[in-house]
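Open the model in your viewer and keep the selection box handy. We will go from stop to stop, picking a few residues each time.

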Amino acid sequence: FTVLTLMVFAFTGWIFASHWSEIWHDTLQFYNFADKTWLDVAAFWLIGSVLLCLHEIGHGLTCKHYGARVPAMGFLLIFLTPAFYTDTTEGEIRGNRFERLMIGVSGVWSELILCALVTPIWWGTPPGSPLHNFCYTIMLLTGMAVVMINWNPLMKLDGYYILCDLWSLGDLKETSTLYTSAWVKKNIWRLPVEVPYLPKRRRLGFAAYALLSGLSSYSVLDFF
């Protein structure tokens, strides 16, 4: 199944590469709500919610595959956009590093499978037809966008937790932000604050991460 999936991903990647300028332009336009009607926004939220639910089911099924329980799933908002969550804590505690990585990867993987199924249909159907347009909408929601957003390690989504787990970084965002903020207060503003201890080899990297993650998060919020 994995080999077959990777082959389908490769074919989908070829289609994306051959239509790169069109898909990239339309992806940026698709996520720009400035010129959309309320009906367009409602359709985006509805389809996006279904796909996000599929994403979280991928996490949950993978967690159960490795013998862990999934006690809860739920709904929340991230930067005012709809999202779901799945409690995979038991899998993260019981699983080894590879199993935890698979639990983290499986959400985006499940959406990419859907993208790989609809992309050839979009590619082979007449432009302007209802099926062609519907498949294109699914592509824009599950293709580059889901990878760029969910596997971006600068925001606390899948990519962030994968990075922290692979490098044993703990609560990277909180720790790096707290350290950088305290360092600036003490060394620039000369305030009587205590800078949390960090090993010297991690200080520069954590400071850089704090600045980049803050810039990334506020940029995404501003964009939406």
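Start by selecting Phe30, Tyr31, Phe33 and Phe44, which ring pairs link into a cluster. This is a predicted model, so please read each stop as a description of computed coordinates. Keep Phe33 on screen and add Lys36: the charged end of Lys36 sits over the ring of Phe33, 5.7 Å from the ring's centre.

**Helix 3 and helix 6**

Now show residues 38-65, which are helix 3, together with residues 130-142, which are helix 6. The two axes come within 11 Å and cross at roughly 65 degrees. Turn the view until you can see the crossing of helix 3 past helix 6, which is right-handed. Which residues make the contact? On helix 3, select Phe44, Ile47, Gly48 and Leu51; on helix 6, select Thr137, Ile138, Leu141 and Thr142. Colour them by class and you will have 5 nonpolar residues, 3 polar ones and no charged ones. You have already met Phe44 as a member of the ring cluster.

**Aromatic pairs between helix 1 and helix 5**

Next, look at aromatic rings across the whole structure, where a search finds 13 aromatic pairs. Select Phe9 and Trp109 as one example: the ring centres are 5.0 Å apart and the planes stand at 65 degrees, so this pair is edge-to-face. Phe9 belongs to helix 1 (residues 2-18) and Trp109 to helix 5 (residues 97-124), so to speak two distant parts of the chain, 100 residues apart, linked by one pair. Are these two residues buried or partly exposed? Phe9 counts as buried because its relative accessibility is 18%, under the 20% cut-off. Trp109, with a relative accessible area of 24%, is partly exposed.

Stay with helix 1 and helix 5, and select Phe11 and Trp123. They form another edge-to-face pair, 5.6 Å centre to centre with 80 degrees between the planes. Here 112 residues separate the partners, Phe11 in helix 1 and Trp123 in helix 5. Phe11 is partly exposed at a relative accessible area of 34%, and Trp123 also counts as partly exposed, at 41% relative accessibility.

**Last stop: Asn150**

Finally, select Asn150, which lies in helix 7 (residues 144-150). Its relative accessibility is 12%, so Asn150 counts as buried. What is it in contact with, leaving aside neighbours within four places in sequence? Add His55, Val108, Leu157, Asp158 and Gly159 to the view, and you have the residues that Asn150 touches.

Terms used:
Residues numbered from 1 in each chain as written. Predicted model: local features only at pLDDT ≥ 70, side-chain atom pairs only at ≥ 80, totals over all residues. Heavy atoms only, no water. Axes fitted to C-alpha atoms, helices over the stretch in contact; angles between N-to-C directions. Helix = DSSP H or I, 4+ residues; strand = E, 2+ residues; numbered from the N terminus. Left-handed = near helix turned anticlockwise from the far one by under 90°. Contact = heavy atoms within 4.5 Å. Nonpolar A, V, L, I, M, F, W, Y, C, P; charged D, E, K, R; others polar. Phe/Tyr/Trp six-rings, centres within 6.5 Å; stacked < 30°, edge-to-face > 60°. Buried < 20%, exposed > 50% of the residue type's maximum accessible area, 1.4 Å probe, protein only. Lys NZ or Arg CZ within 6 Å of the ring centre and 35° of its normal.
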